[in-house]
Each structure stands twice: as C-alpha cells, then as structure tokens.
Amino acid sequence: MSESVMNVHVVSLTESIFSGTARMVRVPGIQGELGIYPKHARLLTKLMPGPAHIQLPNGQEEIIFISGGFLEVQPDQVTILAEMVVRAADVDERAALLARENAQRQLTAQKQDIDYALARSELLRAAALLQTIKAYRAHLKQY
C-alpha cells in the first residue's frame, strides 16, 4: 500500500457502507473534529453524530452520516463503527426536518410524561443529519 493512502472501513450494525482507500478522513470527535492521515498514531475514541468526510485517492470526497459510534485508527487502517450510517446523498432531508421539529416541540412542552434525554438525543441526531446534508451540498458546489 502506498504511504499516501490508508484503508478505511465504515460499518454499522447492519452493513458495511464504505470500504476502500483514502488520503484523509475527518470525523466529529467528542472534543471536536478529528483529521486522520496515513501513518497516524494509534487511536480509539468515541464519535459524535455528524458527517464523516473521506478524501479518496482521486481527490473526490465521500460524505457519510454517522450516528456517533467509535473510531479505531491503526497506522494504515481506519475503522468507523456506528449504529447507523447513511451516505449523504441518501439522507432524507424532509424526515430530518420533521424529526428536529418534533424534538424541539417535545423539549419546549411542559408535560410530565416527556423523556427529555430521548428528545435531546433525537434533536442532536436530526441536527447532525441536517449538518451532513449541508456539507454534502457544499461539496457538490465545488465540482
């Protein structure tokens, strides 16, 4: 394998959505965005929901929504494990907007039977889906 690329695998509980080589990977870490290049130091960390950017050897970029999860980095391999993964082109914007509105409505309601932790989690996930769509659209404008 070339010194300038690494193997990247993005998998969920049900599928492997990406497996190939890349020049760089950017993911939403729990303390901010992480940039991973070939020969990166070993790392195991938790990820936040949001877009994962995979720069392919030809310069193109693959953008994938990850629902959070874990990142494992070896010197020549990166693995992203998430409960849910969706290619940015396949994200349903209408569903994400409705989920965000529903979560916001639940959080502002003054009812006793609302699971606020669940509503906050759903709001975070919907916001991350919308952030992924925004990143994907910005990427498309470059080409």
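This is a short tour of the nonpolar cores, one well-connected strand and a surface patch in a predicted model.

**The cores**

Start with the largest nonpolar core, which has 21 residues. Inside this core, Val-8, Val-10, Ile-66 and Ile-80 have the most contacts. Six strands are listed as giving it two or more residues: β1 (6–11), β2 (16–22), β3, β5 (43–55), β6 (61–74) and β7 (77–81). Of these, β6 puts in the largest share, at 4 residues. There's also a second core, separate from that one, and Val-86, Val-91, Leu-130 and Ile-133 are among its members.

| Nonpolar core | Size | Residues included |
|---|---|---|
| Largest | 21 residues | Val-8, Val-10, Ile-66, Ile-80 |
| Second | 8 residues | Val-86, Val-91, Leu-130, Ile-133 |

**Two neighbours to look at**

What does Ile-80 touch, leaving out residues up to four places away in sequence? The list runs to His-9, Val-10, Val-11, Val-25, Val-27, Leu-47, Ala-52, Ile-66, Phe-70 and Leu-71.

Now take Thr-79, which sits in strand β7. Is Thr-79 buried or exposed? Its relative accessibility is 12%, so Thr-79 counts as buried, the cut-off being under 20%. With the same sequence neighbours left out, Thr-79 touches His-9, Phe-70, Leu-71 and Glu-72.

**Out on the surface**

Over on the outside, Ile-30, Met-48 and Leu-124 together make a nonpolar surface patch of about 250 Å². As for Ile-30, look for it in the loop that links β3 (24–29) with β4 (32–36).

Definitions and conventions:
Residues numbered from 1 in each chain as written. Predicted model: local features only at pLDDT ≥ 70, side-chain atom pairs only at ≥ 80, totals over all residues. Heavy atoms only, no water. Patch = residues over 30% accessible without salt bridge, like charges linked within 9 Å, V, L, I, M, F, W, Y side chains within 5 Å. Areas by Shrake-Rupley, 256 points an atom, 1.4 Å probe, with all protein chains shown as cover. Salt bridge = Lys/Arg side-chain N within 4 Å of Asp/Glu carboxyl O. Core = buried A, V, L, I, M, F, W, Y, C linked by side-chain atoms within 4.5 Å. Buried < 20%, exposed > 50% of the residue type's maximum accessible area, 1.4 Å probe, protein only. Contact = heavy atoms within 4.5 Å.
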